[in-house]
Amino acid sequence: MFSKDVVKRFCVVWVSLVFALVGCSGQPQTQGDQQQAQPQQTAADDQQLKQGGVIKVAVNDDPPTLDQMSTGSSSAVNIAYHIFEQLFALDQDLTVKPMLAKGVDVSEDKKTYTIQLREGVKFHDGTAMNADDVIASIKRWGSLSRFGKQVSEKVQQVSKVDDYTIQIQLKEEYAPLLNVMAGPQEALIIVPAEIAQAAGEKPLETNQLIGTGPYKFDRWEHGQYVSIKRFDDYAARDEDWGGLTGKKVAYADEIRFIVIKDAQVRVNGLRTGEYDYAVRIPKDLYEQIKTFPEVKPIVTKPDSWLMLMPDKSEPPFDDVRLRKAINHALDREKIGLATYGPPEFFQVDGSIFFPEQKDLYTTEGTEPYHEYDPEKAKQLMKEAGYDGQTIRMIATSSYEDHYNSAQAAAEMLKGVGFNVDLQFFEWATFVQKIKEPGNYDIWVSGFPPVYDLTLVLWVDPNYPGWWKSERMQSLLDQWTKTIDPAEQKRLLVEVNKTVYEEFPLIKMVNEIGLEAASAKLQGYEDWLSMRFWNVAVSSEGN
């Protein structure tokens, strides 16, 4: 038996009111009901978009794979979520709502989740999605994705109730469960059971890229382009929630993601009509792009934030006074200007979450972030006995913002007396370097948004940087046992205070991204990343 009170509170906290009505009313719609229901009006409907044409997207890199369960790479994920879908996903406001799930009930002890599935959803191979496919996908996620592994440690059993209902039994209460299941990176995508079982922990091969999304995989010419085509049997939801969930209509016949590494070529292609959308536009082109009548700038946020990660496992940065000294040495405004140029594209903000993440964002407890004081930095270095030893600082040259911010920060550290040896590596080498503490004293990089405190990578004591904090681990443990908003807010403030007293890392600034669309693209709405359902292109140029 389930506690109605627990279910009600669960829904209010973790999903929107709409989800509560759909998923927890006890009167879920049947597929037949959905087919007969009048669709809600969407932004795309308002523009009376027409079917047909090819959306040509200029991307900066070839994806490593299109298996969204095995990678968090944005070059892969941004294409893959046109092909695959999740049980739960993020809406326009980054709130968790159902996608392939119809509803969820939670037991009174919060250890059993019973998830009802939508009926009539087809995979791209023509077979119907059912509980066996979902269970096989969950098992693969639990053995492949780092987030899935995190959840699998809490799971006692995943079982089939009937063809369209599954049950997840937890070993202990784990409040973030749906948030983790809704994350878009290394995501819980649903694929046919036989594919999940055949692929196991290996990335999906191209013939295994079978999802339930509005577009299906067509062709991949490595280093040149990826093509996906409209799935005519797609079963759309009725609700227009935006983001990665809700109603999705595939207007274009095809979406072609074309690899164009040079940013200026991507912009020029938009102007000439060769492309309809382009990613990773240099911010210093923003004012210029605004003057082009045939191009519309697209601001994407939240994007990421930059930081310095000291190695806390050994001297000299096992001494928190030197980590505090770094914090006092950084002028964030100057770093933002040196890294991103126009002030519209960075935020001086101490929170570990982003302002758009309304359930997670708070600046309370982050006051030390703003304490730029070079003299205080010098005093702390003296108190810690810093004797001028070389500080090995590493970063990647593969990303312009990482490169620029590392240079700016290094100069500021030198300004207060640190003897900095800054070295750059291409991305793959850099990622290998940071795994060994003997390779550096500080590494510089950035973090994209995550959607729950348990998904923050650097709170793991085994993550490079090696922050072993009993206080932080206690806060995480408390976080997994509460769905009370007031208690969660208290814990988030305590997390901020812990970060700004122990300084496991030193945050620099938030980035706000810039992309651009052709005037031919209709119905497109700004969000944190590109997506092309509910979007069409005019026939001109196609």
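## Reading a predicted model, feature by feature

Modeller: At a relative accessible area of 38%, G120 counts as partly exposed, and it makes a convenient starting point for a walk through this structure, which is a predicted model.

Colleague: Where does G120 lie with respect to the helices and strands?

Modeller: G120 belongs to the loop that runs between β5, residues 112-117, and α6, residues 131-144. If you would like a sense of distance, take P461 as a partner, for G120 and P461 are separated by 341 residues in sequence and by 44 Å in space, taken from C-alpha to C-alpha.

Colleague: Let me turn to the interior. How many residues does the largest nonpolar core have, and which of them have the most contacts inside it?

Modeller: The largest nonpolar core has 173 residues, and those with the most contacts inside it are L87, F418, W458 and F532. Of these names, F532 can be followed further: once its neighbours within four places in sequence are set aside, F532 is in contact with I55, V57, H82, Y215, I255, F257, Y277, L521 and Y524.

Colleague: I would also like to learn how to read helix packing. At what angle do α12 and α14 pack, and how far apart are their axes?

Modeller: In general, two packed helices are described by the angle between their axes together with the distance between those axes. Here α12, residues 320-329, packs against α14, residues 374-383, at an angle of about 165°, and their axes are 8 Å apart. Because that angle is over the 145 degrees used as the cut-off, α12 is roughly antiparallel to α14. The crossing in which α12 passes α14 is left-handed.

Colleague: Which residues of α12 and α14 meet?

Modeller: From α12 come R321, L322, K324, A325, H328 and A329, and they meet P374, K376, A377, L380, M381 and E383 from α14. Sorted by class, the residues of this contact of α12 with α14 comprise seven nonpolar, one polar and four charged.

Colleague: What can be said in the same way about α17 and α18?

Modeller: Helix α17, residues 470-479, and helix α18, residues 485-502, pack at an angle of about 165°, with a distance of 10 Å between their axes, and these two helices are therefore roughly antiparallel to each other. The crossing of α17 past α18 is left-handed. On the side of α17 the contact is made by R471, M472, L475, Q478 and W479, while on the side of α18 the residues include E487, R490, L491, V495 and T498. The classes in this contact of α17 with α18 are six nonpolar, three polar and seven charged.

Colleague: And is the crossing of α13 and α15 left-handed or right-handed?

Modeller: The crossing of α13 and α15 is right-handed. Helix α13 covers residues 332-340 and helix α15 covers residues 400-415, and they pack at about 145° with their axes 8 Å apart. K334, I335, A338, T339 and Y340 of α13 make this contact with D401, N404, S405, A408 and M412 of α15, and the residues of the contact divide into five nonpolar, three polar and two charged.

Colleague: Now for the backbone itself. Which peptide bond ends at P302 in the cis form?

Modeller: As background, most peptide bonds are trans, and most residues other than glycine have a negative phi. In this structure the bond from K301 to P302 is cis, with omega near 0°, and P302 lies in strand β12, residues 295-310. Another cis peptide bond joins P315 and P316, with omega of about 5°. Both P315 and P316 are found in the loop between β12 and α12.

Colleague: Is P315 buried or exposed?

Modeller: P315 is exposed, with 55% relative accessibility. The C-alpha atom of P315 lies 20 Å from that of V459, which is 144 residues away along the chain.

Colleague: What are the phi values of L94 and R280?

Modeller: L94 has a positive phi of about 65° although it is not a glycine, and R280, likewise a residue other than glycine, has a positive phi near 45°. L94 sits in the loop between β2, residues 88-90, and β3, residues 96-98, whereas R280 sits in the loop between β11, residues 277-278, and α11, residues 286-290. With a relative accessible area of 14%, L94 is buried, while R280, at 40% relative accessibility, is partly exposed.

Conventions. Residues numbered from 1 in each chain as written. Predicted model: local features only at pLDDT ≥ 70, side-chain atom pairs only at ≥ 80, totals over all residues. Heavy atoms only, no water. Core = buried A, V, L, I, M, F, W, Y, C linked by side-chain atoms within 4.5 Å. Buried < 20%, exposed > 50% of the residue type's maximum accessible area, 1.4 Å probe, protein only. Contact = heavy atoms within 4.5 Å. Helix = DSSP H or I, 4+ residues; strand = E, 2+ residues; numbered from the N terminus. Axes fitted to C-alpha atoms, helices over the stretch in contact; angles between N-to-C directions. Parallel < 35°, antiparallel > 145°, perpendicular 65-115°, else oblique. Left-handed = near helix turned anticlockwise from the far one by under 90°. Nonpolar A, V, L, I, M, F, W, Y, C, P; charged D, E, K, R; others polar.
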